[in-house]
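User: I would like a close look at one part of this model, with the aromatic residues and a neighbouring topic or two taken up along the way. Please go through it carefully.

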Amino acid sequence: MSYIQSILMGVIQGVAEFLPISSSGHLVLFQTFFGIENVEANHMLFTVLLHLGTLVSVCIYYWKDVLEMIVEFFRWIRSLVKPGERDRGTPPPARRLVMLIVVATLPLFLIVPINDWMEKVFSSSVSVSIALLATGCLLFFSDRMARGRKNAKNATVVDALVVGAAQAIGTIPGISRSGITISTGMLRGFDRKFAVRFSFLMSLPAVLGANILKVGDAIAEGADPGQIPVYLVGVAVSAVVGYFAIRLVNTLSDKGKFGMFAYYCWVVGLGSLIAGIIVPLITR
């Protein structure tokens, strides 16, 4: 892998991870129609590092939330171990946010056993195209919903479970994880900024957990030591690009323009659907 390829993959990762356009769906389409290298299969360590790069961008953008959540998480654990130290009254917003994220992560455990099966079943260009069209519809209608007022103080466990279920559905290639979770949050009455914030913060345990499962395979695969500097450049690029992508999503959603990504998903989805049907007929 060259530095140019590493930088390009870093840009793609940073953009597609946070913009509601489905990074996994685009990967399938690029591999199908342009015959690009399957980076995830051939450079597994690089793939894991790229995801960690985008995790860094979330931590930097929401550093205050992350710091408060870490502190409150350990205070919460201590209160469970030592009942005498339990807080009286309403838990702090940061602790409620931790609780909501824990609840929202639970539906993913139902997906883990069938994840490989889902990737095989839904990784054709046709299924990805249909999923992108569906994502576009979801984004289009999300902007046309009334502005909600729920935040970390008054969002419910049911809200968290519904958004968490949406995140599980977002593992299907072509369904944008950020798009479906942010839109579902808005459907549940979340404040627009909180919907985006909750979506990205809840991605931390999900992405971190998924990559921990892949670390063993990545280490077993091995890596050329000479490629490590090349990989690190791509990771740095993914972190920087990811930071600005998060910023863009926040700005657009707050202005009620989150649905503008719907048109992109429709164009790509419809174009790839037509190509996926016509190209096989022509090449027969």
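Which residues make the nonpolar surface patch, and about how many Å² does the patch have?

Analyst: In this predicted model, the nonpolar surface patch is made by Ile70, Phe73, Phe74, Ile77, Leu80 and Val81, and its area is about 570 Å². One of these residues, Phe73, is found in helix α5, which covers residues 63–81. Phe73 has a relative accessible area of 32%, and because the range between 20% and 50% counts as partly exposed, that is the class given to Phe73.

Helix α6, residues 93–105, offers another view of burial. Its 13 residues reach 18 Å from the first C-alpha to the last, close to the 18 Å expected at 1.5 Å a residue. Helix α6 is mostly covered, with ten of its 13 residues buried; among them are Arg95 and Arg96, along with nonpolar residues such as Leu97, Val98, Leu100 and Ile101.

As for the aromatic rings, the model holds 14 aromatic pairs. One of them joins Phe140 and Phe141 in an edge-to-face arrangement, with 5.4 Å from centre to centre and 85° between the planes. Phe141 has a relative accessibility of 52% and therefore counts as exposed, the cut-off being over 50%. The other partner of this pair, Phe140, also has a charged residue over its face, since Arg144 lies there at 3.7 Å from the ring centre. Elsewhere, ring pairs link Tyr61, Tyr62, Tyr243 and Phe244 into a cluster.

Technical notes
Residues are numbered from 1 along each chain as its sequence is written. This is a predicted model: local features need pLDDT of at least 70, side-chain atom pairs count only at pLDDT 80 or more; totals for chains, interfaces and linings use all residues. Side-chain values use heavy atoms; hydrogens and water are left out. Rings of Phe, Tyr and Trp (its six-membered ring) pair if their centres lie within 6.5 Å; planes under 30 degrees apart count as stacked, over 60 as edge-to-face and the rest as tilted. Buried means under 20% relative accessible area, exposed over 50%, partly exposed in between (1.4 Å probe, protein chains only). A charge sits over a ring if NZ of Lys or CZ of Arg is within 6 Å of the ring centre and within 35 degrees of the ring normal. Patches are made of residues with over 30% relative accessible area and no salt bridge: like charges are joined within 9 Å, nonpolar side chains (Val, Leu, Ile, Met, Phe, Trp, Tyr) within 5 Å. Accessible areas come from the Shrake-Rupley method with a 1.4 Å probe; for residues, only the protein chains shown count as cover. A salt bridge is a side-chain nitrogen of Lys or Arg within 4 Å of a carboxyl oxygen of Asp or Glu. Helices (H or I, at least four residues) and strands (E, at least two) are DSSP runs, numbered from the N terminus. The expected span of a helix is 1.5 Å times one less than its number of residues.
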